[in-house]
Amino acid sequence: MRKPFLIGGEEISPGTRRIVDIPLSVLSNHTPMSLPVQVIHGRKDGPTVFVSAAVHGDEIIGVEVIRRLSRSSALKRISGTLLLVPIVNAFGFISHSRYLPDRRDLNRTFPGSQTGSLASQLAYRFLNDVVSLCDLGIDLHSAAVHRVNLPQVRINADDPKALELARVFEPPVIIQSALREGSLRAAAAKIGVPILLYEAGEALRLDEFSARVGVKGILKVLKQLGMISARSIKIGNVAPPLVQKSTWLRASEGGIFRASRNVGDVIRKGDTMGYIADPFGEKEAELKSDVSGLIVGRTNHPAVNQGDALFHVAQLPHSASMEGTMGAIEEEFANDPLLDEDEIL
């Protein structure tokens with residue numbers, strides 16, 4: 001018989017699932033705050049994996065991905081243990097803010113400490129009470145407010161295991177991204193827990209494509225790890241390019257920006273990306289790209305200042321044919337019964 005799973009001072013029996021509230025703090029009005037974790041503890045041995053979202057409190061798309069994942073029939077018979085943490089930064093989530101009440105960025109505060117700031121204490125609890133129990137993590141993010149990201153997985157270039165699983169996830173693109181001091185990925189790497197960072201969509205917004213890519217990508221990873229065996233989950237339909245370099249196209253002057261390109265578009269050097277006009281309509285500048293590649297992020301805010309970042313362009317390997325890749329991805333997720341709400345039990 002498999003042993004119970006221990007977390008937050010509670011025992012979860014094999015073959016059961018339970019939400020455990022790890023105490024964090026008490027608000028100024030005496031309201032207790034906690035870190036809620038749904039534990040799905042399988043009857044059979046296997047890896048322990050966490051999936052987290054809302055490390056930045058305004059990044060809602062990851063919460064929706066975890067909601068759908070939790071309801072998936074593929075998790076009915078699971079080997080190993082899955083920890084679902086839909087809202088890490090409850091303080092920011094409640095106030096619709098990226099940050100904590102003290103304006104600190106949680107993802108620049110790891111590994112944290114037991115006696116530091118509110119952000120530092122939250123980072124410490126999450127890292128030690130959840131992340132340290134796991135063999136792998138999948139952390140879900142979105143672009144900042146007024147920006148949007150094409151679904152993508154970011155990994156540490158020095159982690160072959162993360163690269164292998166990122167390819168199994170099959171996002172539109174995989175981007176090598178250096179570890180930043182104070183980030184969850186950097187702190188987890190130091191204790192031997194690789195993390196896939198999923199970026200998709202926009203802060204405070206939901207979109208169906210980002211949700212579907214996220215749910216199915218996680219299910220593919222769980223299947224690759226031997227945790228689930230759903231026959232409907234097929235791996236190998238997409239070959240996402242691995243990008244080592246990306247750049248931002250910036251506003252050449254201030255004004256009202258009208259974009260003519262969107263995330264997912266493949267562009268060539270010299271292509272027109274949009275127009276920047278003054279509010280009176282007396283002057284208009286054409287924005288042209290100085291690089292070729294795939295648009296993986298862009299601004300949604302039309303009022304721009306000189307130097308503002310407008311398009312995030314991933315410079316593709318010469319062998320990559322993104323037109324075909326994007327077409328295959330869109331077709332795969334458009335009519336997939338596995339991801340229809342009625343099929344998520």
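Okay, let's start with a pair of strands: strand 15 and strand 16 run antiparallel, and 5 bridges join them. One place to see that is Thr272, which stands opposite Lys288 in strand 16. Before I go on, keep in mind that this is a predicted model.

So where do those two strands belong? They're part of an open sheet of 4 strands, in the order 16-15-13-18, and the pairing is antiparallel. Strand 16, residues 284-288, and strand 18 are the edges, each pairing on one side only. If you walk inward from strand 16, you go through strand 15 to strand 13. Strand 13 and strand 15, residues 272-277, pair over 4 bridges, and there Ile256 has Ala277 as its bridge partner in strand 15. On the other side, strand 13, residues 255-259, is joined to strand 18, residues 303-304, by 2 bridges. Look for Gly255 there, opposite Val304.

Next, the aromatic rings. How many aromatic pairs are there? The count comes to 4. The one I'd like you to find is Phe50 with Phe126, an edge-to-face pair at 5.8 Å centre to centre, with 85° between the planes. Phe50 sits in strand 5 and Phe126 in helix 3, 76 residues apart, so to speak a link between distant parts of the chain. Are these two buried or exposed? Both Phe50 and Phe126 are buried. And Phe110 comes in as well: ring pairs link Phe50, Phe110 and Phe126 into a cluster.

Phe110 takes us to a bit of backbone. The peptide bond from Phe110 to Pro111 is cis, with omega near 5°. Most peptide bonds are trans, and most residues other than glycine have a negative phi. Pro111 is in the loop between helix 2, residues 90-94, and helix 3, residues 118-129.

That loop also holds His96, which has a positive phi of about 60° although it is not a glycine. His96 counts as exposed, at 57% relative accessibility. There's another histidine to look at, His146, with a positive phi near 70°. His146 lies in the loop between strand 7 and strand 8, and it's partly exposed, with a relative accessible area of 40%.

Step along to Arg147 and you'll find its charged end over the ring of Trp248, 4.8 Å from the ring centre. Strand 8 covers residues 147-155, and that brings me to the pockets.

The largest pocket has a volume of about 640 Å³. It's lined by 29 residues, and the closest to its centre are Arg98, Arg108, Arg154, Arg180 and Glu199. Several elements give two or more residues to that lining, including strand 7, helix 5 and strand 10. Which strand gives the most? Strand 8, with 4 residues. By type, the lining of the largest pocket divides into 8 nonpolar, 11 polar and 10 charged residues.

Then there's the second largest pocket, with about 320 Å³ of space. Here 17 residues make up the lining, and Gly42, Arg43, Lys76, Arg77 and Ile78 lie nearest the centre. Strand 3, residues 16-26, and strand 4, residues 32-41, are the elements that give two or more residues to it. The lining of the second largest pocket splits into 5 nonpolar, 7 polar and 5 charged.

Definitions and conventions. Residues numbered from 1 in each chain as written. Predicted model: local features only at pLDDT ≥ 70, side-chain atom pairs only at ≥ 80, totals over all residues. Heavy atoms only, no water. Buried < 20%, exposed > 50% of the residue type's maximum accessible area, 1.4 Å probe, protein only. Pairing = 2+ DSSP bridges. Phe/Tyr/Trp six-rings, centres within 6.5 Å; stacked < 30°, edge-to-face > 60°. Lys NZ or Arg CZ within 6 Å of the ring centre and 35° of its normal. 1 Å grid on protein atoms, 1.4 Å probe; cavity = no way out; pocket = protein on both sides within 12 Å on 5 of 7 lines; lining within 4 Å. Points joined across faces, edges and corners; volume = space filled by probe spheres on them. Nonpolar A, V, L, I, M, F, W, Y, C, P; charged D, E, K, R; others polar.
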